[in-house]
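Open your viewer and get ready to click along. We will make a few selections, one stop at a time.

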Amino acid sequence: MNVLYCGTVTFFTAFLLHFFIWKIHIPRGNHTKILLYIFFGTFIAGSLIITKNPLIFMSGAAYIETFPDYLELFIFYTSLTLAYLATYSAIEVDSPSLAIVKIIADNASSGLEREEVCDILNDEILVKRRIDDLIKDKMIYLTGDNRYRITKKGLIVANIFITFRSILKAPKGG
Amino acid sequence: MAYLLLLIPLLGLLVNAAAQIFLYRVRPDKGLLTSIFIAFAAGLFALVLCALILYGEANKKDFSAQLVSDVIIYALLSYCYFHFLNLGETARRIRILRELAEAPAGLTTGELLGRYNAREILERRISRLTKSGQIVLKNGRYYIKGRAVLLMAKILGFMKIAMLAEESEIGLKWKR
């Protein structure tokens, strides 16, 4: 249980750090990368504290003693961090499904026609902003003759999903 | 043996992923979500079975505490796998990347929108939301029927305000 306790405390310490940094100033650039630095930086610092040192031992607080426990802590903490990052990405970008439901709910008494939903959620909002995100993340670039082309980084990401979706025998998605 | 025990949640995830792929390939008509739920249960079953066998050999005293820890790690990893599947299924960025990966000469905005556009995105989602009973079509107009997705939208909306201090990138107002 020490692993769960120490892992949870370390995670919430990192979360609070992230929360307060975001409250002071929301960083520019890739949030996922910055969050990874914050969460794993806190983990490294936390691992040094929660080891069996005299201060922790005398205070009676939970500590980690053996190498397998450290490994288990690392697996638990990494899973928790990845789960949070997955949730964070859902907060960052508005999901079209959730937007549709919200727009219809805002017009609950009169309802909405399909065309009215399409007028609000158009190509500019649903597609072009994601193209801009991909350019910012250096996954695609715009050539001189105004054509979007994929970068090596983008191709690696695309191939992971193309391969996995072909194993699933699933269509393109999106 | 202590190192082997650490692999139990990972083994659960492996069973989960294998079962999910198998189920979806065999019965795609049942939908992705059904395969995810059944595969999660299969992975959990494999995890408990494996824990019972290995802990027995290791003669561990704190079996229940270790099992709780393994189940939590397994659930977290499964949640990440669910997001990975969801990215392939619904993420617009991934779809745009796929379209560009298939066009080595690149695509203009018009060509890209010809292959993938807001109308297609909305058609898919409206169909999905209607099938799952979240919205309903009456006399050519859509109304809210279920509350689950709306609740999820509100929770994410409030989290967005709390974390990013912004309402919505598309101007949706959550404070109501």
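Start with two helices, α7(A) and α5(B): their axes come within 9 Å and cross at roughly 75°. Keep in mind that you are looking at a predicted model. An angle from 65 to 115 degrees counts as roughly perpendicular, and α7(A) and α5(B) are therefore roughly perpendicular to each other.

Now show the side chains at this crossing. On α7(A), select Leu126(A), Val127(A), Arg130(A), Ile131(A), Asp133(A) and Leu134(A); they meet Arg92(B), Arg93(B), Ile96(B) and Leu97(B) of α5(B). Colour them by type and you should find six nonpolar residues, four charged ones and no polar ones.

**Next stop: the core**

Which residues touch the most other members of the largest nonpolar core? Select Ile100(A), Val101(A), Leu121(A), Ile96(B), Leu97(B) and Leu100(B), which do so in a core of 36 residues. Elements from both chains give two or more residues to this core: α5 (96–106), α7 (123–136), β2 (148–150) and α8 (152–168) in chain A, and α5 (92–101), α7 (118–131) and α8 (148–164) in chain B. In soluble globular proteins, nonpolar side chains tend to be buried together.

Zoom in on Ile100(A). Leaving aside residues up to four places away in sequence, Ile100(A) touches Val117(A) and Leu121(A), and also Arg125(B), Ile126(B) and Leu129(B). Then move to a second, separate core of 28 residues, where you can pick out Cys6(A), Leu5(B), Val15(B) and Tyr55(B), among others.

**Where the chains meet**

Select the whole contact between the chains: 69 residues come from chain A and 65 residues from chain B. On the chain A side, α1 (2–24), α4 (67–92), α5, α6 (114–120), α7, β2 and α8 each supply at least two residues. Highlight α4(A), which gives the most to this side, with 12 residues. Coloured by type, the chain A side that touches chain B has 46 nonpolar, nine polar and 14 charged residues.

**Last stop: chain A as a whole**

Hide chain B and switch to a cartoon view. Chain A has eight helices and two strands, and along the sequence they follow the pattern α-α-α-α-α-α-α-β-β-α. Its radius of gyration is 22 Å, well over the 16 Å that the globule rule gives for 174 residues, so chain A is more spread out than a compact globule. Rotate the C-alpha trace of chain A to see its span of about 70 × 45 × 40 Å along the principal axes. Finally, colour chain A by burial: buried residues make up 27% of its 174 residues.

Definitions and conventions: Residues numbered from 1 in each chain as written. Chains lettered and ligands numbered in written order. Predicted model: local features only at pLDDT ≥ 70, side-chain atom pairs only at ≥ 80, totals over all residues. Core = buried A, V, L, I, M, F, W, Y, C linked by C-beta atoms within 7 Å. Buried ≥ 20, exposed ≤ 12 C-beta atoms within 10 Å, placed from the backbone. Helix = DSSP H or I, 4+ residues; strand = E, 2+ residues; numbered from the N terminus. Contact = placed C-beta atoms within 7 Å. Axes fitted to C-alpha atoms, helices over the stretch in contact; angles between N-to-C directions. Parallel < 35°, antiparallel > 145°, perpendicular 65-115°, else oblique. Nonpolar A, V, L, I, M, F, W, Y, C, P; charged D, E, K, R; others polar. Rg over C-alpha atoms; globule rule 2.2 N^0.38 Å.
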